[in-house]
Amino acid sequence: MRWKMNTNASVFYGENQFSLCELPIPQVREDGILIQVNAAGICGSDLHIRTEKPPFPVVLGHEVTGTVAAIGSKANEAMYISGGPLKEGDRLSLYPTVTCGRCRSCLEFGNGAYSVCDKPFGYGDWFPYQGAGDYPRPEGVPAITGGFSQYMYLYPGTYLWKVPEDMPDERAVILDPLAVAVRTVELAQRCPGVLENCLDETKTALVVGDGAIGTLVAFYLRLLGVGQIVVVGGREERMKTCKELSHADLLLNYRTQSIEERCELLYERTHGMGADVVFQCVGTGQAFREGLRLLRRLGTLVECGNAMKPSPVTFDPFEDLCAKHATLVGMTVNTPHAFHKAFTLLKDRGEGLERLFTHSCGLDGLAETMDRSGESGYMKGIVYPGGGMRA
């Protein structure tokens, strides 16, 4: 099916430069899907990426939910669809990476593992087009492979979830960040009875970060029944939302409390031991350094905040690792399985998570909304490419 029309898209040229452009909608191949984008979340990685210079203009946005506008005759067989098959008019959410399934890394670790594949294709990024398949980009014209566009093209090999009629777009678009939270918590889980077990109803979890990921980590920990949840944040409005969504037991404010005061308050709740597990969800090295200090012996620290840029800190292998018998885990590899868990949570336990979105805009307001991410009340932005906005 050939569409003789264009779509509006916010094109990223680099270093905070976005331009609203008309881009061609390609022919929908027999193994492809064209969606009308209903909503796209602004990820923290988008906020980092906007300060860089891409090798060519690109449409960002990988947290996406949309409605099928056109579907190829073999698309249902060419993609991995939960709740399918899909047809025109159905809504969906997606996993933003297509892996080749054939390179040595995919064969060893499994198809679909994000940041493992040697030839990945990423929606809403600039490392497609040399990746897992045939992803043509007309010379000089950005492809509509990101969510900050009215329409978006999906390629074979994409993992998709059919969105139920009663799930609002504002909840469906949270799939990606919730999956990040699910995977972050997974990395701390151990088999029952293991000496280093740090997650059960007797344990104390410390979440460093009151943003969307930190809040979703705390939310998931509460569903798992972890004994105590302590959250460290610095913006009062975000901390209030985090408390209401996760029912955290204690909030610590790094802006008004020194590290010594925070240590004392945590030790009071843990018999002087510290946190059994720390989930570090802030993109600064100092936050990682303080997370180590608050971790107890035989504890586990999962680092998912410093995943975008270097932020060196001092580290003593004896004091920080061996003396504590600590387990330190870095998080960048996600999986479709974690997304499936997250989608199930959205269906069964996700009511109210839409409150994470504090700012909304159309395509023409994307740059301005990103600029507001440093405001005290900002937690997460949502883009409505069709122009609709909510308060």
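In this predicted model, helix 6, which covers residues 212-224, packs against helix 7, residues 236-246. Two packed helices are described by the angle between their axes and by how far apart those axes lie. Here the angle comes out at about 20°, and the axes sit 8 Å apart. Angles under 35 degrees count as roughly parallel, so helix 6 runs roughly parallel to helix 7. As for handedness, the crossing of helix 6 and helix 7 is right-handed.

Which residues make the contact? On the helix 6 side they are T215, A218, F219 and R222, while helix 7 brings in C242, L245 and S246. Sorted by character, the residues of this contact split into four nonpolar, two polar and one charged.

Now to the charged pairs. Side chains of opposite charge can pair when their charged atoms come close. The structure holds 17 salt bridges, and one of them joins E63 to K380. In that pair, the closest N and O atoms are 2.8 Å apart. E63 and K380 come from distant parts of the chain, with their positions 317 residues apart in the numbering. E63 belongs to strand 4 (residues 63-71), whereas K380 sits in the loop between helix 12 (366-371) and strand 18 (381-383).

How confident is the predictor in all this? The mean pLDDT of the protein chain is 92, and 94% of its residues reach 70 or more. Residues 128-136 are another story, with pLDDT below 50. Even so, this stretch has 26 contacts in the model beyond its near neighbours in sequence.

Key:
Residues are numbered from 1 along each chain as its sequence is written. This is a predicted model: local features need pLDDT of at least 70, side-chain atom pairs count only at pLDDT 80 or more; totals for chains, interfaces and linings use all residues. Side-chain values use heavy atoms; hydrogens and water are left out. pLDDT is the predictor's confidence in each residue, from 0 to 100. Contact means heavy atoms within 4.5 Å. Axes are lines fitted to C-alpha atoms, for helices over the stretch in contact, and angles run from 0 to 180 degrees between N-to-C directions. Helices (H or I, at least four residues) and strands (E, at least two) are DSSP runs, numbered from the N terminus. Angles under 35 degrees count as roughly parallel, over 145 as roughly antiparallel, 65 to 115 as roughly perpendicular and the rest as oblique. A crossing is left-handed if the near helix is turned anticlockwise from the far one by less than a right angle, and right-handed if clockwise. Ala, Val, Leu, Ile, Met, Phe, Trp, Tyr, Cys and Pro count as nonpolar, Asp, Glu, Lys and Arg as charged, and the others, Gly among them, as polar. A salt bridge is a side-chain nitrogen of Lys or Arg within 4 Å of a carboxyl oxygen of Asp or Glu.
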